[in-house]
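Open the model in your viewer, switch on a cartoon view and keep the selection box handy. We will walk through it stop by stop, picking residues as we go.

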Amino acid sequence: DFEGKYDFVYMPMEFASGMSKGYAFVNFITPASMSSFAQLWHGSWRFGYEALAPINISIAQVQGFEENLKRIGKNRCLRVRNPHLRPFIATKSKSAESTTTRAGSSSAAVPCTE
(Lines give C-alpha, C1' and ligand atoms only; values in the text may rest on other atoms or scores of the structure.)
Protein backbone atom coordinates (compact mmCIF):
# COMPACT_ATOMS: atom_id res chain seq x y z
CA ASP A 1 0.00 0.00 0.00
CA PHE A 2 1.49 3.32 -1.06
CA GLU A 3 -1.09 5.67 0.43
CA GLY A 4 0.70 8.58 2.08
CA LYS A 5 4.04 7.58 0.53
CA TYR A 6 3.98 10.20 -2.26
CA ASP A 7 3.22 13.90 -2.38
CA PHE A 8 2.94 14.64 -6.10
CA VAL A 9 1.47 12.72 -9.05
CA TYR A 10 1.02 14.01 -12.57
CA MET A 11 -0.16 11.87 -15.47
CA PRO A 12 -0.29 13.96 -18.66
CA MET A 13 -3.48 13.42 -20.62
CA GLU A 14 -4.64 14.19 -24.13
CA PHE A 15 -7.13 17.03 -23.72
CA ALA A 16 -9.37 16.00 -26.63
CA SER A 17 -9.71 12.32 -25.75
CA GLY A 18 -9.00 12.34 -22.01
CA MET A 19 -6.63 9.41 -22.55
CA SER A 20 -3.28 9.07 -20.82
CA LYS A 21 -0.15 9.87 -22.80
CA GLY A 22 1.31 6.68 -21.36
CA TYR A 23 3.55 8.02 -18.61
CA ALA A 24 3.33 9.68 -15.21
CA PHE A 25 5.47 11.52 -12.69
CA VAL A 26 5.32 10.43 -9.05
CA ASN A 27 7.34 12.05 -6.28
CA PHE A 28 7.79 9.66 -3.38
CA ILE A 29 8.44 11.10 0.05
CA THR A 30 11.31 8.70 0.79
CA PRO A 31 13.77 6.76 -1.36
CA ALA A 32 12.60 3.56 0.37
CA SER A 33 9.02 4.13 -0.80
CA MET A 34 10.21 4.73 -4.34
CA SER A 35 12.30 1.59 -4.25
CA SER A 36 9.40 -0.52 -2.95
CA PHE A 37 7.09 0.86 -5.64
CA ALA A 38 9.64 0.24 -8.40
CA GLN A 39 10.24 -3.35 -7.25
CA LEU A 40 6.51 -4.06 -7.31
CA TRP A 41 5.50 -2.23 -10.50
CA HIS A 42 8.54 -2.25 -12.83
CA GLY A 43 8.07 -4.78 -15.61
CA SER A 44 4.49 -5.55 -14.60
CA TRP A 45 1.33 -5.47 -16.69
CA ARG A 46 -1.46 -3.51 -14.98
CA PHE A 47 -4.85 -1.90 -15.43
CA GLY A 48 -6.65 -4.79 -17.11
CA TYR A 49 -6.12 -3.88 -20.74
CA GLU A 50 -3.63 -4.90 -23.39
CA ALA A 51 -0.69 -2.51 -23.44
CA LEU A 52 2.14 -2.32 -25.92
CA ALA A 53 4.75 -2.95 -23.24
CA PRO A 54 5.04 -3.64 -19.51
CA ILE A 55 5.39 -0.73 -17.10
CA ASN A 56 8.83 0.83 -17.12
CA ILE A 57 9.87 2.69 -13.97
CA SER A 58 12.70 5.17 -14.42
CA ILE A 59 14.08 8.13 -12.50
CA ALA A 60 12.91 11.53 -13.74
CA GLN A 61 15.21 14.48 -14.33
CA VAL A 62 13.16 16.61 -11.94
CA GLN A 63 13.39 15.42 -8.35
CA GLY A 64 11.58 16.59 -5.22
CA PHE A 65 8.21 18.06 -4.33
CA GLU A 66 9.17 21.73 -4.70
CA GLU A 67 10.99 21.16 -7.99
CA ASN A 68 7.99 19.31 -9.44
CA LEU A 69 5.72 22.20 -8.46
CA LYS A 70 8.08 24.64 -10.16
CA ARG A 71 8.14 22.44 -13.26
CA ILE A 72 4.39 22.39 -13.77
CA GLY A 73 4.28 26.13 -13.12
CA LYS A 74 1.53 28.23 -11.63
CA ASN A 75 0.12 29.54 -14.89
CA ARG A 76 0.24 26.17 -16.67
CA CYS A 77 -1.67 24.59 -13.82
CA LEU A 78 -4.37 27.23 -13.90
CA ARG A 79 -4.85 26.96 -17.67
CA VAL A 80 -6.15 23.40 -17.30
CA ARG A 81 -9.87 23.88 -16.79
CA ASN A 82 -10.79 20.24 -16.27
CA PRO A 83 -9.83 19.43 -12.64
CA HIS A 84 -9.47 15.73 -13.53
CA LEU A 85 -6.50 16.59 -15.76
CA ARG A 86 -4.59 18.50 -13.08
CA PRO A 87 -1.80 17.01 -10.94
CA PHE A 88 -2.50 15.45 -7.55
CA ILE A 89 -0.68 17.39 -4.85
CA ALA A 90 -0.62 16.16 -1.24
CA THR A 91 -0.92 18.91 1.33
CA LYS A 92 -0.76 18.95 5.09
CA SER A 93 -3.82 20.21 6.89
CA LYS A 94 -3.54 22.27 10.07
CA SER A 95 -4.17 19.10 12.06
CA ALA A 96 -1.13 17.55 10.29
CA GLU A 97 -3.25 14.88 8.61
CA SER A 98 -2.24 14.30 5.02
CA THR A 99 -4.85 15.00 2.38
CA THR A 100 -4.61 14.64 -1.35
CA THR A 101 -6.22 17.13 -3.67
CA ARG A 102 -6.21 18.17 -7.30
CA ALA A 103 -4.14 21.26 -7.95
CA GLY A 104 -6.41 24.24 -7.97
CA SER A 105 -9.47 22.47 -6.59
CA SER A 106 -10.39 24.23 -3.37
CA SER A 107 -7.46 24.35 -0.99
CA ALA A 108 -5.45 27.56 -0.73
CA ALA A 109 -2.56 25.41 0.49
CA VAL A 110 -2.10 23.99 -3.02
CA PRO A 111 0.73 26.05 -4.57
CA CYS A 112 -0.81 26.14 -8.06
CA THR A 113 -3.67 28.31 -6.87
CA GLU A 114 -1.81 30.91 -4.86
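## First stop: the paired strands

Strand 1 and strand 2 pair with each other in the antiparallel sense, over four bridges. Before you zoom in, keep in mind that this is a predicted model.

Select strand 1, residues 6-10, and then strand 2, residues 25-28. Now pick Y6 and look across to strand 2: the bridge partner of Y6 there is F28. Keep F28 highlighted, as we will come back to it shortly.

Is strand 1 enclosed by the rest of the structure or not? Four of its five residues are buried, so strand 1 is largely enclosed by the rest of the structure.

## Zooming out for the overall layout

Pull the camera back for a moment. The protein has three helices and four strands, and along the sequence they follow the pattern β-β-α-α-α-β-β. If you colour by accessibility, buried residues make up 27% of the 114 residues in the protein.

## Second stop: the aromatic rings

Show the aromatic side chains as sticks. The count comes to six aromatic pairs. Start with F2 and F28, an edge-to-face pair whose ring centres are 6.4 Å apart, with 70° between the planes. This pair links distant parts of the chain: F2 is in the segment before strand 1 and F28 is in strand 2, 26 residues apart. Both F2 and F28 are buried.

Keep F2 selected and add F37. These two rings form another edge-to-face pair, at 5.3 Å centre to centre and with 80° between the planes. Here too distant parts of the chain are linked, with F2 in the segment before strand 1 and F37 in helix 1 (residues 31-41), 35 residues apart. F2 is buried, and F37 is buried as well.

Which residues join F2 in one aromatic cluster? Select Y6, F28, F37 and W41 together with F2 to see the cluster. Then add R46, which lies over the face of W41, at 4.1 Å from the ring centre.

## Third stop: around helix 1

Select helix 1 and look down its axis. S33, F37, A38 and W41 are buried in this helix. They cover an arc of only 130° around the axis, which puts them on the same side of helix 1. Turn to the other side of helix 1 and you will find P31, A32 and Q39 exposed.

While you are here, click on S36, which also lies in helix 1. With a relative accessibility of 39%, S36 counts as partly exposed. Draw a distance from the C-alpha atom of S36 to that of D1: the two are 35 residues apart along the chain, and their C-alpha atoms are separated by 9.9 Å.

## Fourth stop: the nonpolar core

A short reminder before the next selection: in soluble globular proteins, nonpolar side chains tend to be buried together. Select F8, Y10, F65, L69, I72 and I89, the six residues of the largest nonpolar core. Strand 1 and helix 2 (65-72) each supply at least two residues of this core. Which element gives the largest share? That is helix 2, with three residues.

## Fifth stop: two sides of helix 2

Stay with helix 2 and look down its axis as before. Its buried residues are F65, N68, L69 and I72. They cover an arc of only 100° around the axis, which puts them on the same side of helix 2. On the other side of the helix, K70 and R71 are exposed.

Side chains of opposite charge can pair when their charged atoms come close. How many salt bridges does the structure hold? It holds one salt bridge, so select E67 and K70, whose side chains meet in it at 3.2 Å, N to O, being three residues apart in helix 2 and thus separated by about one helical turn. As for their surroundings, E67 is partly exposed, with a relative accessible area of 38%, whereas K70 is exposed, at 57%.

For the last click, go just past the end of helix 2 to G73, which takes a positive phi of about 70°.

Note on methods:
Residues numbered from 1 in each chain as written. Heavy atoms only, no water. Phe/Tyr/Trp six-rings, centres within 6.5 Å; stacked < 30°, edge-to-face > 60°. Buried < 20%, exposed > 50% of the residue type's maximum accessible area, 1.4 Å probe, protein only. Lys NZ or Arg CZ within 6 Å of the ring centre and 35° of its normal. Core = buried A, V, L, I, M, F, W, Y, C linked by side-chain atoms within 4.5 Å. Pairing = 2+ DSSP bridges. Salt bridge = Lys/Arg side-chain N within 4 Å of Asp/Glu carboxyl O. Arc of directions from axis to C-beta.
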